[in-house]
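Dear colleague,

Please find below the structure that I am handing over to you, together with its sequence. A summary of what was found in it follows.

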Amino acid sequence: MPFQRLLVTGGAGFIGSNFIRWVLSRHRDVSIVNLDLLTYAGNLESLADVDAKYGAKGEGRYSFVHGDIRDFDLVAGLLAGTPSAHPLIRSSAHPPNRPTAQPPDSVVHFAAESHVDRSIMGPVVFVDTNVRGTVALLEAARAELTARPRDFRFVHVSTDEVYGSLTATDPAFTEDTPLAPNSPYAASKAASDLLVRSYPETFQFPAIITRCSNNYGPYQFPEKLIPLMVTRAMRDEPLPVYGDGLNVRDWIHVDDHAEALWTVLQGGQPGSVYNIGGNAERPNIQVIKRILGQLGKPESLISFVTDRLGHDRRYAMNSGRMQKELGWTPRHTFEAGLAETVRWYAENRTWWERVLSEAYRAANALYLEPAK
Ligand SMILES: NC(=O)c1ccc[n+]([C@@H]2O[C@H](COP(=O)([O-])OP(=O)(O)OC[C@H]3O[C@@H](n4cnc5c(N)ncnc54)[C@H](O)[C@@H]3O)[C@@H](O)[C@H]2O)c1
């Protein structure tokens with residue numbers, strides 16, 4: 001396995017935390033430094049088991065650094081393998097276990113503002129984090145590779161939303177589909193994709209872009225569709241459904257995404273783009289009714305609300321390149337994966353009740369305007 005010393009950004013978020021757990025539990029020689037700013041979406045409780053098993057008091061292969069991807073000096077120190085030299089590193093609750101014996105050989109970049117509705121309320125932070133943050137990270141990595149050239153990979157984790165919207169009969173997105181983002185979130189991700197794309201071309205920098213469809217699974221912040229609906233249904237609260245509920249998304253279990261990213265990191269071609277999909281297109285309303293069915297709750301909880309501005313109608317992914325070039329296909333079927341996920345939220349009420357803090361409740365107003 002060529003790349004074993006990972007700097008993961010945004011690893012306290014939903015996909016990053018699942019990716020870290022997936023990798024460390026399967027690959028004994030891998031070590032990970034997790035750099036995360038702990039915004040509202042970052043939660044170290046999602047990594048408590050990982051820290052106990054692989055952190056400083058365990059196997060010593062995992063460490064957490066509280067910081068910002070836009071902080072060039074911090075990132076440069078981490079990439080040089082001398083993180084403890086930087087004054088911003090907080091070493092109390094989750095100390096960097098020991099400076100990595102050798103500097104990282106890869107970056108897996110998750111850190112972002114990730115919620116479409118929040119981007120409609122306030123786009124600026126999306127540009128600041130997703131665009132400026134990504135270019136700051138690229139620059140720190142480029143400087144490091146110039147100072148200490150080595151075999152390296154930079155995997156930029158992006159989304160199918162950069163391709164825009166499909167009609168019911170359009171073919172699925174391929175890697176050659178033109179970018180046509182419709183929300184400020186998607187536009188900021190597309191902008192960051194274009195910056196990442198320019199680095200292999202201009203600097204022979206070993207970057208790879210992945211674009212994935214909608215993820216679901218444990219530890220997802222309950223503002224996203226599936227955990228929002230599950231946690232509201234469990235409390236017998238109305239389930240706000242945008243428009244007619246017939247918007248279609250392709251769903252992928254977060255562990256399948258983790259495996260795909262690991263596969264791309266180890267075998268992907270620098271300068272390439274890889275689409276990652278779950279082969280599970282479902283209308284939102286069907287997903288919601290299934291959740292209600294599993295929880296034994298009535299469909300009368302469904303409440304149609306005014307549609308999201310610029311709401312994309314349909315996403316669908318063609319992951320043929322992942323399958324043909326790298327031999328990856330998703331393992332989970334949507335129905336089994338969803339059932340397992342609903343059970344996880346039922347069994348981990350403490351996790352999501354703590355997440356539903358004051359800050360979240362304020363943002364919750366996003367969803368509650370009744371349909372006109
Ligand atoms: N959720 C999905 O379905 C999905 C699908 C495809 C792609 N993606 C992409 O995957 C990545 C992760 O998504 P997610 O759903 O886990 O997001 P998330 O919102 O759950 O997590 C984002 C993480 O990034 C951290 N972060 C934000 N700004 C930061 C900064 N300036 N410096 C360091 N850390 C910072 C946050 O604290 C948080 O832990 C994003 O880039 C997103 O665009 C998500």
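In this predicted model, Arg-211 and Asp-193 are joined through their side chains in a salt bridge, with a distance of 2.7 Å from N to O. Arg-211 belongs to strand E6 (residues 207-212) and Asp-193 to helix H6 (residues 184-203), so the pair ties together parts that are 18 residues apart in sequence. Both partners fall under the 20% cut-off for burial: Arg-211 is buried with a relative accessible area of 5%, and Asp-193 is buried at 1% relative accessibility.

A further salt bridge connects Asp-244 with Arg-313, and here the closest N and O atoms are 2.8 Å apart. Asp-244 sits in the loop between strand E8 (239-242) and strand E9 (248-253), while Arg-313 sits in the loop between strand E12 (302-305) and helix H10 (320-326); the pair therefore ties together parts that are 69 residues apart in sequence. Asp-244 is partly exposed, at 37% relative accessibility, and Arg-313 is also partly exposed, with a relative accessible area of 35%.

The third pair to note is Glu-259 and Arg-331, whose side chains meet in a salt bridge of 2.7 Å, N to O. This pair links distant parts of the chain, 72 residues apart: Glu-259 is in helix H8 (residues 254-267), and Arg-331 is in the loop between H10 and helix H11 (334-347). The two ends of this bridge have unlike surroundings. Glu-259 counts as buried at 15% relative accessibility, whereas Arg-331 counts as exposed at 63%.

Beyond these pairs, a network of salt bridges links Asp-68, Arg-70, Asp-128 and Arg-132. Over the whole structure, the search finds 24 salt bridges. As general background, side chains of opposite charge can pair when their charged atoms come close.

I turn next to the nonpolar interior. The largest nonpolar core contains 34 residues, and those with the most contacts inside it are Leu-6, Phe-19, Ile-32 and Tyr-62. Helix H8 provides the largest share of this core, namely 6 residues. Leaving aside residues up to four places away in sequence, Leu-6 touches Phe-19, Val-30, Ser-31, Ile-32, Val-33, Ser-106, Val-108, Trp-262 and Leu-265. There is also a second, separate core of 32 residues, which includes Leu-7, Leu-145, Phe-154 and Met-317.

Finally, some values for the chain as a whole. The chain has 13 helices and 12 strands. Its radius of gyration is 20 Å, which agrees with the value near 21 Å for a compact globule of 372 residues. Along its principal axes, the C-alpha trace spans about 60 × 45 × 35 Å. Of the 372 residues, 57% are buried. Among contacts in the chain with a separation of 6 or more, 83% are between residues 24 or more positions apart. The chain exposes about 15,200 Å², of which carbon and sulfur atoms supply 53%.

With kind regards

Definitions and conventions:
Residues numbered from 1 in each chain as written. Predicted model: local features only at pLDDT ≥ 70, side-chain atom pairs only at ≥ 80, totals over all residues. Heavy atoms only, no water. Salt bridge = Lys/Arg side-chain N within 4 Å of Asp/Glu carboxyl O. Helix = DSSP H or I, 4+ residues; strand = E, 2+ residues; numbered from the N terminus. Buried < 20%, exposed > 50% of the residue type's maximum accessible area, 1.4 Å probe, protein only. Core = buried A, V, L, I, M, F, W, Y, C linked by side-chain atoms within 4.5 Å. Contact = heavy atoms within 4.5 Å. Rg over C-alpha atoms; globule rule 2.2 N^0.38 Å. Areas by Shrake-Rupley, 256 points an atom, 1.4 Å probe, with all protein chains shown as cover.
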